[in-house]
Structure formats: structure tokens, C-alpha cells
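User: I would like a close look at the side-chain contacts in one part of this model. Please take the aromatic rings as the starting point and work outward to the charged and polar partners.

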Amino acid sequence: LGEASRAGRTAGKFLRCNAGAAGRLICGVKGYRGEFVLDQFKGVLDWLERDGVDGDISTYASLLRCCGDAKALSEGKRLHSHIIGGPHDGNRFIWNLLVEMYGKCGVVEDARAVFDNIRQRNVFSWTIMIAAYVRNGHWEQALELFWKMRKQGINPDSITFASILGACASRAFLMEGKLIHANIIDSELETSVTLETALVNMY
């Protein structure tokens, strides 16, 4: 715990002067114990709430990713509440990360509620919502959202395709997977190890 302990002490010094630095430090520690990092994260969140501080975008990004990785749903919801009404409420990048956080915490209904309220969704918005469905075994909803994305003229990238192929590994969705494979070929996207692996796993 040497590195994590040093990070915790340093983060504590930053709490009253730089929430962004503290958040990035806490969530960037390598080889940490999840419980330790979560305790440090709670300290940052308590301070944000107590003093009414609005972090910058990188602060919220670091903390939301920390919540998702730790599956800390309660803290993630607190952070979401803190963001609402602040200067970054409605920011597409932050809302995308809220979708990702809820998906990693297994609460796809909350992820979808945030997704539905994102203005001017980009390919990342669609991809993380699809990934949330796939991660939690909601394959039909993932496929439905993928085809809705295509109908709206949004071009998937290789990460989108790799995510949705995870929903097609079941024999019940093999035909859908073949259609998506045809989409990949038509898109002329550069191949990647992740995409090729997803295709192999599907077939």
C-alpha cells in the first residue's frame, strides 16, 4: 500500500485547494486496493458537497470513472446530484461518463435515463449506452439501440462494432451478428485486434 498511502496523504493536502488534482491523483494510483481509493474519493466528494465547490471537467471525469471502476453506485449518485444544476450540467462529455458509470454499476435504467437526455449525442454516447446494455446482458435492447443509431445516420466506429458484437455471441442473435459483420465490411473501417477478437468470439 506504499504508493497508495503516499497518494492518499498527498490528496489530503490537495483537498482544500485543488479538487481536480486530488481526484486525478486518487483515481490514477496503480496497484491500489479498491477500498482505500474509495475512502479517499469519499473525502473529495464530502468536501465538494460541504463547501459547495464546483470541480472542473477533468475532476468530474476522474471521479465518475473512479465510481464506475469501483462499482460505487451510492457515491456515483451523490456525484450526479452534485453535478445537476452546476456549470457542467448537460455537458455532453460529463453526461456520457454518467451513462458509463451507471452501466458499470449495473443500473441500466439510470444509464438510459441520462442517455435519453443527452443533447446532440455523438458516437461515444451511443457506444457507451450499447456497451452498458451488453455488459449487463440486455442484448435485445443493445441491438435495438444499435439499429436506431444506424437509422439516425450515426456511423459506428470500431469500438461500437466490437461492443455490439458482444450481444451476438448467443446463437439466438447470430443472424444479427452476420448483418453487423456486413456493416463492418461496408464501412471500410480499419481493422483492430479488439474488433477482430469480437468477430471471432461471435462466430
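How many aromatic pairs does the structure hold?

Analyst: The model is a predicted one, and the structure holds three aromatic pairs. One of them joins Phe115 and Trp126: the ring centres are 5.2 Å apart and the planes stand at 80 degrees, so the arrangement is edge-to-face, a class that requires an angle over 60 degrees. Phe115 belongs to helix H7 (residues 108-116) and Trp126 to helix H8 (residues 123-135), so this pair ties together parts that are 11 residues apart in sequence. Both partners fall under the 20% limit for a buried residue: Phe115 is buried, with a relative accessible area of 1%, and Trp126 is buried, with a relative accessibility of 1%.

A second edge-to-face pair is made by Phe146 and Trp147, with 5.0 Å from centre to centre and 75 degrees between the planes. Here Phe146 is buried, at 0% relative accessibility, whereas Trp147 is partly exposed, at 24%. Phe146 and Trp147 also belong to one aromatic cluster together with Phe161.

The pair of Phe115 and Trp126 has a charged neighbour as well. Arg121 lies over the face of Phe115, at 4.4 Å from the ring centre. Arg121 also lies over the face of Trp126, where the distance to the ring centre is 5.5 Å.

Helix H7, which holds Phe115, also takes part in salt bridges. Within this helix, the side chains of Arg112 and Asp116 form a salt bridge with an N to O distance of 2.8 Å. Arg112 and Asp116 are four residues apart in helix H7, about one turn of the helix. Arg112 is partly exposed, with a relative accessibility of 22%, and Asp116 is likewise partly exposed, at 40%.

A further salt bridge reaches from helix H7 to another helix. Lys77 is bridged to Asp110, and their closest N and O atoms are 3.6 Å apart. Because Lys77 lies in helix H5 and Asp110 in helix H7, the pair ties together parts that are 33 residues apart in sequence. Lys77 is partly exposed, with a relative accessible area of 37%, and Asp110 is partly exposed, with 24%.

Helix H5 (residues 73-83) also contains His80, which is buried at 13% relative accessibility. The side chains of His80 and Tyr102 are joined by a polar contact of 2.8 Å. When residues up to four places away in sequence are not counted, His80 touches Leu98, Tyr102 and Val114.

The structure holds three salt bridges, and the one not yet described is formed by the side chains of Asp69 and Lys104, at 3.0 Å from N to O. This pair links distant parts of the chain, with Asp69 in helix H4 (residues 57-70) and Lys104 in helix H6 (residues 92-104), 35 residues apart. Lys104 is partly exposed, with a relative accessibility of 23%.

Read together, these contacts give the following picture. The edge-to-face pair of Phe115 and Trp126 ties helix H7 to helix H8, with Arg121 over the face of Phe115 and over that of Trp126. The salt bridge of Lys77 and Asp110 ties helix H5 to helix H7, and that of Asp69 and Lys104 links helix H4 to helix H6.

Key:
Residues are numbered from 1 along each chain as its sequence is written. This is a predicted model: local features need pLDDT of at least 70, side-chain atom pairs count only at pLDDT 80 or more; totals for chains, interfaces and linings use all residues. Side-chain values use heavy atoms; hydrogens and water are left out. Rings of Phe, Tyr and Trp (its six-membered ring) pair if their centres lie within 6.5 Å; planes under 30 degrees apart count as stacked, over 60 as edge-to-face and the rest as tilted. Helices (H or I, at least four residues) and strands (E, at least two) are DSSP runs, numbered from the N terminus. Buried means under 20% relative accessible area, exposed over 50%, partly exposed in between (1.4 Å probe, protein chains only). A charge sits over a ring if NZ of Lys or CZ of Arg is within 6 Å of the ring centre and within 35 degrees of the ring normal. A polar contact is a pair of N or O atoms within 3.5 Å; within protein, one must be able to donate a hydrogen and the other to accept it, and residues adjacent in sequence count only if both atoms are side-chain atoms. Contact means heavy atoms within 4.5 Å. A salt bridge is a side-chain nitrogen of Lys or Arg within 4 Å of a carboxyl oxygen of Asp or Glu.
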